[in-house]
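Trainee: I'd like to learn how to read a protein model. Can you walk me through it?

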Amino acid sequence: MIAPIVDEIAEMYKGRVLCLKLNTDESPLTATEYGIRSIPTVMIFKGGVKKDTIIGAVPKAALVTAIEKHLER
């Protein structure tokens, strides 16, 4: 549902942000490890540490805002 938005964001922040997708059906242990119970779930990591989680289908602007607050200027 939000995959196209994630692709757009990956292009917008190319070289600054790494956007990855996880198929929870193919990787249930990883989903469990990170506590993913709802799809879609977007997690923001910085330096390998989870900084934010956005659950549900949200507008692109909400994802951009969440990313921007964790980027260094």
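Mentor: Let's go through a hairpin, a helix and a pocket in turn. Keep in mind that this is a predicted model.

Trainee: In which sense do β1 and β2 pair, and over how many bridges?

Mentor: For paired strands, look at the direction and then at the bridges. Here β1 and strand β2 (residues 49-55) are antiparallel, with 6 bridges between them. One of the partnerships to find is K46 with V49 in β2. The hairpin has 2 residues between the strands, and G47 takes a positive phi near 65°.

Trainee: Now the helix. Which residues of α3 are buried?

Mentor: Buried means under 20% relative accessible area, and exposed means over 50%. By that rule L63, V64, A66 and I67 are buried in α3. They sit on the same side of α3 because they cover an arc of only 160° around the axis. A61 and T65, on the other side of α3, are exposed.

Trainee: What do the buried residues of α3 pack against?

Mentor: Their packing partners are α1, β1 and β2.

Trainee: And the largest pocket: how much space lies in it?

Mentor: With a pocket, start with the space and then go to the lining. This one holds about 1,100 Å³. The lining has 29 residues, and L20, K21, T41, V42 and M43 are the closest to the centre. Elements that give two or more residues are α1 (3-12), β1 (41-46) and α3 (60-68).

Trainee: Which element gives the most to that lining?

Mentor: That's β1, with 6 residues. By type, the lining splits into 21 nonpolar, 5 polar and 3 charged residues.

How values were computed
Residues are numbered from 1 along each chain as its sequence is written. This is a predicted model: local features need pLDDT of at least 70, side-chain atom pairs count only at pLDDT 80 or more; totals for chains, interfaces and linings use all residues. Side-chain values use heavy atoms; hydrogens and water are left out. On a 1 Å grid over the protein atoms alone, a cavity is a set of points where a 1.4 Å probe fits but cannot get out, and a pocket is an open set with protein on both sides within 12 Å along at least five of seven lines; lining residues have an atom within 4 Å of a point. Grid points are joined across faces, edges and corners, and a volume is the space filled by probe spheres set on the points. Helices (H or I, at least four residues) and strands (E, at least two) are DSSP runs, numbered from the N terminus. Ala, Val, Leu, Ile, Met, Phe, Trp, Tyr, Cys and Pro count as nonpolar, Asp, Glu, Lys and Arg as charged, and the others, Gly among them, as polar. Two strands pair if DSSP finds at least two bridges between them. Buried means under 20% relative accessible area, exposed over 50%, partly exposed in between (1.4 Å probe, protein chains only). The arc is that of the directions from the helix axis to the C-beta atoms. Contact means heavy atoms within 4.5 Å.
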